[in-house]
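User: Hey, got a minute to walk through this one with me? I'd like to hop around a bit.

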Amino acid sequence: MMGSSVLGDMFDKVLVANRGEIAVRVMRACEELGVGTVAVYSEADKHSGHVRYADEAYNIGPARAADSYNDGEAVIEAARKADADAIHPGYGFMAENADFAARVEETDAITWIGPSSDAMERLGEKTHARTVMRDADVPIVPGTTESIDEAEQVVEFGEENGFPVLIKAEGGGGGMGQEIVRSAEDAEEALATAQREGEAYFSNASVYLERFLDNARHVEVQILADKHGNVRHLGERDCSLQRRQQKVIEEGPSPALTDELREEIAEAARRGADAGDYYNAGTFEFLVEDEERNEDGLLDADTDFFFLEVNTRIQVEHTVTEELTDIDIVKWQLKVAAGQEITFEQDDVELEGHAMEFRINAENPADEFASTPGTLTTYDPPGGIGVRLDDAVRQGDDIAGEYDSMFAKLVVWAGDRDACLARGERALREFDVDGLHTTIPFHRLMLTDEAFVAGEHTTNYLDEELDRDRIREAQE
């Protein structure tokens with residue numbers, strides 16, 4: 001493959017094809033490895049934190065993501081101008097775009113920091129991934145392995161497998177391009193919406209179906225693999241607290257699983273990565289049926305779990321795993337892309353304590369989590385033992401409405417879950433932000449919420465069970 005690096009080498013200069021906190025996160029890893037950093041930015045972002053942080057920065061177009069961050073040609077052109085020898089896509093934008101990855105792979109002297117475009121094609125396209133997993137003996141949610149384009153197909157599927165049905169965009173992620181169909185009457189409108197969103201967000205209007213598991217936990221396994229056939233899992237994260245399929249708080253290890261079930265799910269992910277010829281970092285997501293708990297209140301080895309999808313990139317919540325394992329996943333992404341071999345065995349990976357990540361978004365939870373752009377007139381984040389903050393903003397910065405509303409991530413670690421909850425409460429109380437609505441009061445509410453504290457919440461808890469008045473009171 002062109003542009004790949006000799007074993008043991010490291011890049012001279014990496015272009016980060018992203019913005020905000022993840023761009024700075026990647027640049028920090030580069031910095032510690034002695035690698036130069038290049039930022040790209042849109043017109044809306046010329047004064048952004050990732051531009052301030054980088055060694056050099058290039059304007060790649062107007063505010064609209066389609067004309068800047070999603071313009072593959074402009075990104076590769078910037079890499080050439082900067083003489084960068086690798087591109088890291090972060091998450092979102094083109095991170096899961098196999099065509100873009102292939103273009104980088106074909107560009108002489110530039111390495112793609114991620115899985116091969118072939119593996120992305122195989123596992124990133126959700127329907128392909130299901131086929132690979134089925135063959136690797138990984139349980140999959142009942143669903144279609146071909147894309148669908150007629151409302152009748154949705155209705156037939158619902159009648160055969162039971163409603164609700166989930167329509168999902170092939171290229172999707174982050175809850176975009178996903179529609180829940182609760183009855184045959186909703187099929188037509190939901191299909192049109194999912195196709196439209198798939199086209200708008202991922203330039204891919206194809207969608208597929210799966211049975212929507214109403215009472216399930218969302219558990220995902222972090223995978224790290226190199227180009228020498230070594231595949232490791234770094235334990236699981238529990239992302240069951242979601243609204244409309246968008247994660248809100250992520251934690252690890254899962255408060256709901258026995259060690260036996262935890263190991264079964266992790267091994268299934270490893271088998272899947274192996275079968276998909278996967279290397280670099282990736283996440284295998286599963287839905288775990290939360291129907292019957294044992295006498296300790298946990299889900300044990302008899303519990304059904306199903307493969308959901310693979311995220312062929314670094315994830316927002318990779319920080320949770322880093323806190324638990326003390327493994328710098330982003331540095332390993334760079335090392336693996338440079339041809340280096342993983343230096344630790346599966347048995348060396350141990351999860352210590354408990355970690356949680358709170359997404360700090362410019363949103364008003366009391367108004368259905370509507371986006372609230374504005375200026376950070378006060379920005380005074382917390383500190384102290386066990387507190388990590390990933391951000392790219394400072395006081396006085398504008399949070400634009402053009403992109404994702406998340407502007408920081410608060411990650412807390414402690415020796416066990418109770419101590420972690422207490423530390424999270426303390427850190428959120430210290431987090432002082434003025435100038436716009438944020439999710440901070442909502443997070444504080446969740447840390448006193450009985451279902452969440454007991455670890456009994458499922459993926460539909462926020463949408464269907466939590467009393468809206470409590471959110472309004474918390475925001476006030």
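User: Let's begin with R423. What does R423 touch, leaving aside neighbours within four places in sequence?
Analyst: R423 is in contact with I385, G386, V387, V412, W413 and A414, once neighbours within four places in sequence are left aside. Keep in mind that this is a predicted model.

User: And which helix is R423 found in?
Analyst: R423 is in helix α12, which covers residues 417–430.

User: How far is R423 from E199, C-alpha to C-alpha?
Analyst: The two C-alpha atoms are separated by 42 Å, and R423 and E199 are 224 residues apart along the chain.

User: OK, since it's predicted, what's the average pLDDT of the chain?
Analyst: The average is 93, and 98% of the residues score at least 70.

User: Where does pLDDT stay under 50?
Analyst: That's residues 1–7. The model does have 22 contacts beyond four places in sequence for that stretch. Where pLDDT is low, though, the predicted coordinates should not be read in detail.

User: Switching to helices. At what angle do α7 and α8 pack?
Analyst: About 115°, with the axes 9 Å apart. Helix α7 is residues 151–161 and helix α8 is residues 187–202. The crossing of α7 past α8 is right-handed.

User: Which residues meet there?
Analyst: From α7 you get A151, V154 and V155, and from α8 A187, E188 and L191. By class, that contact has five nonpolar residues, one charged and no polar.

User: What about α1, how many of its residues are buried?
Analyst: 10 of the 13, so I'd call α1 mostly covered. Among the buried ones are I22, V24, R25, M27 and C30. Helix α1 runs over residues 20–32 and reaches 19 Å from first C-alpha to last, close to the 18 Å expected.

User: What follows α1?
Analyst: G34, with a positive phi near 75°.

User: Any backbone oddities elsewhere? Which non-glycine residues have a positive phi?
Analyst: D137 is one of them, at about 65°, and F369 is another, at about 60°. For context, most residues other than glycine have a negative phi, and most peptide bonds are trans.

User: Is D137 buried or exposed?
Analyst: D137 counts as exposed because its relative accessibility is 62%, over the 50% cut-off. D137 sits in the loop between α6 and α7.

User: And F369, buried or exposed?
Analyst: F369 is buried, because 10% relative accessibility is under 20%. F369 is in the loop between β15 and β16.

User: Which residues does a cis peptide bond join?
Analyst: F163 and P164 are one such pair, with omega about -5°. P164 is in the loop between α7 and β6. The bond from G252 to P253 is cis as well, with omega near -10°, and P253 lies in the loop between β11 and α9.

User: Last topic: T312. Why does T312 count as buried?
Analyst: T312 has a relative accessible area of 1%, so it falls under the 20% cut-off. T312 is in the loop between β13 and α10. Its contacts beyond four places in sequence include A95, E96, M120 and Y278.

User: And in α16, what about Q475, buried or exposed?
Analyst: Buried, at 16% relative accessible area. Q475 touches N364, P365 and H437, among others, not counting residues up to four places away. R472 also lies in helix α16, but R472 is partly exposed at 37%.

Technical notes:
Residues are numbered from 1 along each chain as its sequence is written. This is a predicted model: local features need pLDDT of at least 70, side-chain atom pairs count only at pLDDT 80 or more; totals for chains, interfaces and linings use all residues. Side-chain values use heavy atoms; hydrogens and water are left out. Axes are lines fitted to C-alpha atoms, for helices over the stretch in contact, and angles run from 0 to 180 degrees between N-to-C directions. Helices (H or I, at least four residues) and strands (E, at least two) are DSSP runs, numbered from the N terminus. A crossing is left-handed if the near helix is turned anticlockwise from the far one by less than a right angle, and right-handed if clockwise. Contact means heavy atoms within 4.5 Å. Ala, Val, Leu, Ile, Met, Phe, Trp, Tyr, Cys and Pro count as nonpolar, Asp, Glu, Lys and Arg as charged, and the others, Gly among them, as polar. The expected span of a helix is 1.5 Å times one less than its number of residues. Buried means under 20% relative accessible area, exposed over 50%, partly exposed in between (1.4 Å probe, protein chains only). pLDDT is the predictor's confidence in each residue, from 0 to 100.
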